[in-house]
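User: I'm new to reading structures, and I'd like a close look at one part of this one. Could you take me through the nonpolar core and how the rest of the chain fits around it?

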Amino acid sequence: MNKKLAQLQERLELYYKAEKEILLRQKYRIGNKELTMADLSAVQEQIKKLETEISVLEKNGGKRCVKRVIPLDF
């Protein structure tokens, strides 16, 4: 497993934990102050990005696939 893939997987786990915490208690009150957790939609968006990036790295070993395309005029 390459270093970048391991870092992405570790980061994804942290985002999963953050999502769980947000879902369990989005807002809470301490005395007369109300605190709000991070934005759930932003966390979920980042989870999707990380899952996609990890999937790409797992499929092709992190190598980018380049193809040459020649447009044809009919």
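**A close look at the core**

Analyst: Sure, but let's start with the whole chain. Keep in mind that this is a predicted model. Among contacts between residues at least 6 apart in sequence, 59% join residues at least 24 apart. The protein chain has two helices and two strands, and from the N terminus on they come in the order α-β-β-α. The radius of gyration is 19 Å, well over the 11 Å that the globule rule gives for 74 residues, so the chain is more spread out than a compact globule. You can see that in the C-alpha trace too, which spans about 70 × 40 × 15 Å along its principal axes.

What does that leave for the inside? Of the 74 residues, 15% count as buried. The chain exposes about 6700 Å², and carbon and sulfur atoms supply 54% of that area.

Now for the part you asked about. The largest nonpolar core has nine residues: Leu5, Leu8, Leu12, Ile22, Val43, Ile47, Leu50, Ile54 and Leu57. Helix H1 and helix H2 (40-60) each supply at least two of them, and H2 gives the most, with five residues. As background, nonpolar side chains in soluble globular proteins tend to be buried together.

Zoom in on Leu8, one of the core residues. Leaving aside residues up to four places away in sequence, Leu8 touches Leu50, Glu53, Ile54 and Leu57. Leu50, Ile54 and Leu57 are also on the list of core residues.

Is every leucine tucked away like that? Try Leu14, buried or exposed? Leu14 sits in helix H1, which covers residues 3-24. Its relative accessible area is 51%, and exposed means over 50%, so Leu14 counts as exposed. To get a feel for distance here, the C-alpha atoms of Leu14 and Asn2 are 19 Å apart, with their positions twelve residues apart along the chain.

Next, a stop at a strand. Tyr28 belongs to strand E1, residues 27-30. Tyr28 is partly exposed, with a relative accessible area of 33%. Not counting residues up to four places away in sequence, Tyr28 touches Lys33, Glu34, Leu35 and Met37.

One last thing is charge. The chain carries 16 positive and 11 negative side chains, and the centres of those two sets lie 4 Å apart.

Note on methods
Residues numbered from 1 in each chain as written. Predicted model: local features only at pLDDT ≥ 70, side-chain atom pairs only at ≥ 80, totals over all residues. Heavy atoms only, no water. Helix = DSSP H or I, 4+ residues; strand = E, 2+ residues; numbered from the N terminus. Rg over C-alpha atoms; globule rule 2.2 N^0.38 Å. Buried < 20%, exposed > 50% of the residue type's maximum accessible area, 1.4 Å probe, protein only. Contact = heavy atoms within 4.5 Å. Areas by Shrake-Rupley, 256 points an atom, 1.4 Å probe, with all protein chains shown as cover. Lys, Arg positive; Asp, Glu negative; His and termini not counted. Charge placed at Lys NZ, Arg CZ, Asp CG, Glu CD. Core = buried A, V, L, I, M, F, W, Y, C linked by side-chain atoms within 4.5 Å.
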